Amino acid sequence: MNASTDEQIRDLGQRWAQAEERGDIGVLDALAVPEFRMVGPAGFILDKAQWLERYRTGALLTKSLRWDEIEVRDLGSVAIAIGCHTQQAEYQGRPVDGRFRITHIFVRDGENWRLAGLQLSPIAGPPPFNSPERTA
């Protein structure tokens, strides 16, 4: 893999995480393509305007966001980063803290990368049917 792509994606991802923490709509808007989509941890889908509106209205307050355990795959004009997303946040005054597996989709925009989509999945333990204590 091209080391510079890995570095660029990690840098962009850190700027994204910091902007989410600050609720910085200007930075988030600039980082994402107009066609951006987010799939949330409960399966809901937000377009770019809806994603930004959560901060504009104050409905979402992100107290901390850590992005780590990152693996980047460079596919040419697309890069995919899979990592962990740990947040302390409130949505409409209710806690939405959690640790999620997150997939970012980045697309080339000239010499730069931009965020095209992300999906959050809750990290849970193994399913009960895989438990060694269970017998058939």
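1. A polar contact is a pair of N or O atoms within 3.5 Å, and within protein one of them must be able to donate a hydrogen and the other to accept it. Gln87 offers a case: its side chain reaches the backbone oxygen of Val96 at 2.6 Å. Please keep in mind that this is a predicted model.

2. Overall layout. The protein chain has three helices and seven strands. From the N terminus on, the order is α-α-β-β-α-β-β-β-β-β. The C-alpha trace spans about 55 × 40 × 25 Å along its principal axes. Of the 136 residues, 36% are buried.

3. Gln87. This residue sits in strand E4. Is Gln87 buried or exposed? Its relative accessible area is 15%, so Gln87 counts as buried, the cut-off being under 20%. Besides the reach to Val96, the side chain of Gln87 makes a polar contact of 2.8 Å with the side chain of His85.

4. His85. This partner of Gln87 also has its place in strand E4. His85 has a relative accessible area of 4% and is therefore buried. Along the chain, His85 and Asp68 are 17 residues apart. In space, their C-alpha atoms are separated by 6.8 Å.

5. Side chains in strands. One general point helps when reading a strand in the viewer. In a regular strand the side chains alternate between the two faces of the sheet.

6. The largest pocket. The volume is about 300 Å³. How many residues line the largest pocket? The lining has 19 residues, and those nearest the centre are Met38, Phe44, Arg54, Leu60 and Gln87. So Gln87, buried at 15% relative accessible area, appears again here, among the residues nearest the pocket centre.

7. Who supplies the lining. Five elements each give at least two residues to the largest pocket: H1, helix H3 (48-56), E3, strand E4 (78-91) and strand E7 (112-122). By class, the lining holds 14 nonpolar residues, three polar and two charged.

8. Aromatic pairs. The model has two of them. In one, Trp16 and Trp67, the ring centres lie 6.2 Å apart and the planes meet at 80 degrees, so this pair is edge-to-face; the cut-off for that label is over 60 degrees. Trp16 is in helix H1 (residues 3-22), Trp67 is in strand E3 (residues 60-74), and the two are 51 residues apart. The pair thus links distant parts of the chain.

9. Burial of the two tryptophans. Trp16 has 2% relative accessibility and therefore counts as buried. Trp67, at 4%, counts as buried too.

10. Strand E7 and its partners. Which sense does the pairing of strand E1 (residues 32-39) with E7 take? E1 and E7 run parallel, with four bridges. Arg37 stands opposite Gly117 of E7. Strand E6 (residues 98-109) pairs with E7 in the antiparallel sense, over 10 bridges. There, Thr103 has Gln119 in E7 as its bridge partner.

11. The E6–E7 turn. E6 and E7 form a hairpin, with two residues between the strands. Gly110 lies in the turn and has a positive phi of about 70 degrees.

12. Where to look. Start at Gln87 in strand E4, then follow its side chain to His85 and to the backbone oxygen of Val96. Next, view Trp16 against Trp67. Finish with E7, which pairs with E1 and with E6, and which also supplies at least two residues of the pocket lining.

How values were computed: Residues are numbered from 1 along each chain as its sequence is written. Side-chain values use heavy atoms; hydrogens and water are left out. Rings of Phe, Tyr and Trp (its six-membered ring) pair if their centres lie within 6.5 Å; planes under 30 degrees apart count as stacked, over 60 as edge-to-face and the rest as tilted. Buried means under 20% relative accessible area, exposed over 50%, partly exposed in between (1.4 Å probe, protein chains only). On a 1 Å grid over the protein atoms alone, a cavity is a set of points where a 1.4 Å probe fits but cannot get out, and a pocket is an open set with protein on both sides within 12 Å along at least five of seven lines; lining residues have an atom within 4 Å of a point. Grid points are joined across faces, edges and corners, and a volume is the space filled by probe spheres set on the points. Ala, Val, Leu, Ile, Met, Phe, Trp, Tyr, Cys and Pro count as nonpolar, Asp, Glu, Lys and Arg as charged, and the others, Gly among them, as polar. Two strands pair if DSSP finds at least two bridges between them.
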